[in-house]
Amino acid sequence: MILGLTGGIGSGKSTVSKILGSIGIKIFDADVIAKDILETEETKKEIEKKLGKKFITDKNLIDKDYLKKEVFNDSKKLKILNSIIHPKVKKYYENLSKEFFDKKEIVVFDIPLLFEVGLEGFCNKVIVVDIDYKLQLDRVRKRDNLSPEFIKKILEKQMPREEKLKKADIIIENNGSLEELENKVLNLIERIREEKYENCCPSRKY
Ligand code: ADP
């Protein structure tokens, strides 16, 4: 069984992923996968061709800091970069999905832009980690030391919260303590393992 895991920046998605990993569930982390894809020769060639030579260092590596800065300030460049990376990420999860979709073992596809890239079809159920806006800004500000304006800019590039919630099979609300979050996640997994989960979720909101 494949559980997709997503949520806006600062929602607590990585924290949920860590809790799931700590009980032995296999996690396939899109950030790690995208980083690996970025360093392949095929991707580097495409970036050089479509975005320019200046993104490749003398040592034939991607200049990630420069790339981040450029795409963040230019939505056209971001679109081009996404058109290079996202299909490869999609292919990777498609192959994994074939491997795990009908298995009893629970695995997690941890993907910040799961809906944006259109990967929900590769998961049996999608979990959205949800958080109130003010708390979200506060947690990101503390974690990343970013200004509220900058965080808002990042959020504008993600699918709006309400839309994500509509698409979710399971919602984990993370407005409480870390201990509460851990209990919710463990409870959810227990219920998934106990009940036949193919037809419906035992409960939609946690
Ligand atoms: P995401 O992966 O969605 O961006 P994180 O899991 O990194 O979010 O969480 C954002 C920040 O909030 C991190 O510093 C994390 O430790 C903290 N955090 C997450 N959940 C809670 C919680 N329930 N209580 C307090 N802090 C939390």
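Modeller: Ala, Val, Leu, Ile, Met, Phe, Trp, Tyr, Cys and Pro count here as nonpolar, Asp, Glu, Lys and Arg as charged, and the others, Gly among them, as polar. Keep in mind that this is a predicted model.

Colleague: With those classes, how many residues of each kind are in the lining of the largest pocket?

Modeller: That lining has 19 nonpolar, 13 polar and 13 charged residues. The 45 lining residues include D31, K68, P112, L113 and Q158, which lie nearest the centre of the pocket. The space in this pocket is about 1800 Å³.

Colleague: Which helix gives the most to the lining of the largest pocket?

Modeller: α4, with 7 residues. Helices that each supply at least two lining residues are α1, α2 (30-38), α4 (64-73), α5 (75-100), α6 (114-117), α7 and α8 (148-156).

Colleague: Where does the ligand sit?

Modeller: In the largest pocket. A residue is taken as near the ligand if one of its heavy atoms lies within 4 Å of it. There are 14 residues around the ligand, and G10, S14, T15, R143 and N174 come nearest.

Colleague: How many residues of each class does the shell around the ligand have?

Modeller: The shell has 2 nonpolar, 9 polar and 3 charged residues. Its largest share, 3 residues, comes from α1. Both α1 (13-22) and α7 (133-144) supply at least two residues each.

Colleague: Which polar side-chain atom lies 2.5 Å from an oxygen atom of the ligand?

Modeller: One that belongs to S14. For polar contacts, look for a pair of N or O atoms within 3.5 Å. K13 places a polar backbone atom 2.9 Å from an oxygen atom of the ligand. In R139, an N or O atom of the side chain is 3.2 Å from a nitrogen atom of the ligand.

Colleague: How much of the ligand's exposed area does the protein bury?

Modeller: The ligand exposes 560 Å² when taken alone, and the protein buries 77% of that.

Key
Residues numbered from 1 in each chain as written. Predicted model: local features only at pLDDT ≥ 70, side-chain atom pairs only at ≥ 80, totals over all residues. Heavy atoms only, no water. Polar contact = N/O pair within 3.5 Å; in protein donor to acceptor, adjacent residues only side chain to side chain. Areas by Shrake-Rupley, 256 points an atom, 1.4 Å probe, with all protein chains shown as cover. 1 Å grid on protein atoms, 1.4 Å probe; cavity = no way out; pocket = protein on both sides within 12 Å on 5 of 7 lines; lining within 4 Å. Sits in = over half its atoms within 2 Å of the grid points. Helix = DSSP H or I, 4+ residues; strand = E, 2+ residues; numbered from the N terminus. Points joined across faces, edges and corners; volume = space filled by probe spheres on them.
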